[in-house]
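Biologist: I am new to this protein and would like a close look at the strand at the end of the chain. Please start there and then lead me through the rest of the fold, with its cores, its cysteines and its empty spaces.

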Amino acid sequence: MNKSKIFYALAFGLMLAPLSADAGNVTITVSNSDKVQRQELVEVSAQDVYARLGIKQGDKFIVKNALGQQVAYQVTYDGKLLIDASVRPGGTADFTVMPGEPKPMKTFVCGKQYPERVDDIAWENDRTAYRVYGPALQRTGEKAYGIDVWVKNTPDLEVEKRYATELSNHPKIEELKKAGKTAEAVEMEQETTYHFDHGYGLDCYKVGPTLGCGTPALMDGNEMVMPYCYKTYKILDNGPLRFTVQLDYNQFNIGGDKNVVEHRIISCDKGSNFNKMTVWFDGLTQPSDMVAGVVIHSEDTKSIVCGENYVIYADPTDNPAKQNFQIYVGVLFPNGVKATKTMMYDTPANGNAGHGVGVITYQPNEKYTYYFGSAWSKNDVRTMNEWKLRSEETLNALQVPLKVTVK
């Protein structure tokens with residue numbers, strides 16, 4: 001071998017040496033400078049972890065906590081490694097990542113489209129569930145614009161079971177009604193419908209032609225412009241720790257702009273009462289006011305709180321006198337808003353009295369992010385005071401994230 005070849009071989013070996021030295025286990029340290037306990041998903045670059053482990057992207061690895069137990073993790077569509085971290089006030093939590101085959105992981109978050117139920121897309125985590133309405137519903141003419149809430153009081157995933165039970169009994173119920181067996185039909189419906197609580201939660205939140213819980217809308221003067229149901233969708237993440245879906249909507253006109261298209265990316269994490277919403281518009285050429293918020297129902301117009309960078313509400317449900325519980329809903333704006341306020345209808349319609357919203361000035365081509373969510377008085381948040389505290393602490397956590405280091 002001549003001298004030049006020896007020189008290049010040595011240089012190439014030196015270039016590889018640092019990577020070989022760094023390859024091995026990776027330590028991820030999560031630090032909490034806050035004065036309160038923090039429990040949330042943290043994100044690190046998956047590419048960085050693969051490189052430090054000396055393995056190829058997509059190869060299997062294991063994550064262990066400080067006790068040596070394997071913990072669930074997820075690599076997201078946008079290249080983040082998610083770990084569920086619990087960190088005491090002023091404390092740190094260490095996780096070790098190593099090559100290997102992980103044990104089966106429990107799924108805490110998931111979602112799917114239900115074409116058998118007019119194209120609903122429903123998702124849930126270990127606290128609550130949500131759904132948005134699709135093109136099949138729009139074709140029926142039913143006006144349901146906003147995001148729906150399904151309350152639950154179990155950490156188990158059970159939305160798919162609700163749909164299956166509800167839909168499988170529709171034909172039987174209709175047969176009983178046609179046969180004049182009304183009492184039997186009512187009994188079967190009450191025993192199987194997801195509009196009744198059978199011990200795990202139910203659907204009793206009214207949406208209709210409103211923002212529901214957390215939907216965005218551009219303003220055209222004093223009117224909210226909502227693009228009806230989604231047109232197309234793509235599920236980007238589906239557990240075990242995060243669900244993410246992209247929704248694209250039909251074209252609409254606003255002001256002097258024609259054929260504006262709205263896009264949303266919604267993600268829901270294990271353990272959180274709130275979803276992350278990122279919204280943007282194609283075809284919008286001028287700045288426009290945009291609102292996001294919650295519907296205020298006529299049965300209770302007093303339990304709305306418009307705070308600094310948040311709006312929360314104690315929703316009375318679709319039947320306050322008989323349900324005798326509340327659904328807590330809210331929207332958080334960690335990036336700030338121009339104002340939070342109520343927008344009440346001159347004439348309430350179908351039980352909808354108005355909205356509580358945050359107002360921002362949306363700039364063309366901007367992607368704006370905020371958070372929307374819910375809780376149930378029969379589950380983990382018993383009172384409106386608790387919901388206010390939960391919302392304020394979540395907002396603070398978004399503005400002061402946990403510090404994550406990788407070495």
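**From the last strand inwards**

Modeller: Val406 belongs to strand E26, residues 403-406 (helices, H or I with at least four residues, and strands, E with at least two, are DSSP runs numbered from the N terminus). Keep in mind that this is a predicted model, where local features need pLDDT of at least 70 and side-chain atom pairs count only at pLDDT 80 or more, while totals for chains, interfaces and linings use all residues. Residues are numbered from 1 along each chain as its sequence is written, and side-chain values use heavy atoms, with hydrogens and water left out.

Who are the neighbours that Val406 touches, not counting residues up to four places away in sequence? They are Val26, Thr27, Ile28, Val44, Asp48 and Arg52, where a contact means heavy atoms within 4.5 Å. Val406 also lies 9.6 Å from Phe95, C-alpha to C-alpha, although 311 residues separate the two in sequence.

Stepping back, the protein has 8 helices and 26 strands. Its C-alpha atoms fill a box of roughly 95 × 55 × 45 Å along the principal axes. Among contacts with a separation of 6 or more, 67% join residues 24 or more positions apart. Of the 407 residues, 49% are buried (buried is under 20% relative accessible area, exposed is over 50%, and partly exposed is in between, with a 1.4 Å probe and protein chains only).

Ile28, one of the residues that Val406 touches, takes us to the cores. A nonpolar core is a set of buried Ala, Val, Leu, Ile, Met, Phe, Trp, Tyr and Cys residues joined through side-chain atoms within 4.5 Å. The largest nonpolar core holds 71 residues, and Trp123, Phe281 and Phe372 touch the most other members. Strand E19, residues 288-297, gives the largest share of this core, 6 residues. Ile28 sits in another core, apart from that one, with 22 residues that also include Val30, Phe61 and Val87. Back in the largest core, Phe281 touches Leu218, Phe252, Val260, Val261, Glu262, Met290, Tyr362 and Asn365, leaving aside residues up to four places away in sequence.

Phe372, another of the residues named for the largest core, is also touched by Asn273. Asn273 lies in the loop between E17 and E18, yet is Asn273 buried or exposed? With a relative accessible area of 5%, Asn273 counts as buried. Beyond four places in sequence, the contacts of Asn273 also take in Arg127, Tyr130, Gly373, Ser374, Ala375, Asp380, Trp387 and Arg390. Gly373 is 100 residues from Asn273 along the chain, while their C-alpha atoms are 5.4 Å apart.

Now the cysteines. The whole structure contains 0 disulfides, a disulfide being a pair of cysteine sulfur atoms within 2.5 Å. For Cys110, the nearest cysteine sulfur is that of Cys268, 9.9 Å away. Cys110 is partly exposed, because its relative accessibility is 25%. Cys204 is buried, with a relative accessible area of 1%, and its sulfur is too far for a bond because the closest cysteine sulfur, in Cys213, is 13 Å away.

Last come the empty spaces. On a 1 Å grid over the protein atoms alone, a cavity is a set of points where a 1.4 Å probe fits but cannot get out, a pocket is an open set with protein on both sides within 12 Å along at least five of seven lines, and lining residues have an atom within 4 Å of a point. Points are joined across faces, edges and corners, and a volume is the space filled by probe spheres set on them.

The largest pocket has a volume of about 1200 Å³. It is lined by 43 residues, with Glu40, Leu41, Asp269, Ser272 and Leu398 nearest its centre. Strands E17 (257-269) and E18 (274-282) are among the elements that give two or more residues to this lining, as is helix H8 (384-399).

The second largest pocket holds about 260 Å³. Its lining consists of Asn222, Glu223, Met224, Met226, Met343, Met344, Tyr345, Asp346 and His355, and E23 gives the most, with 4 residues.

There is 1 cavity of 30 Å³ or more, with a volume of about 40 Å³. Val132, Tyr133, Ala144, Tyr145, Gly146, Tyr228, Cys229, Tyr230, Tyr249 and Arg264 line this cavity.
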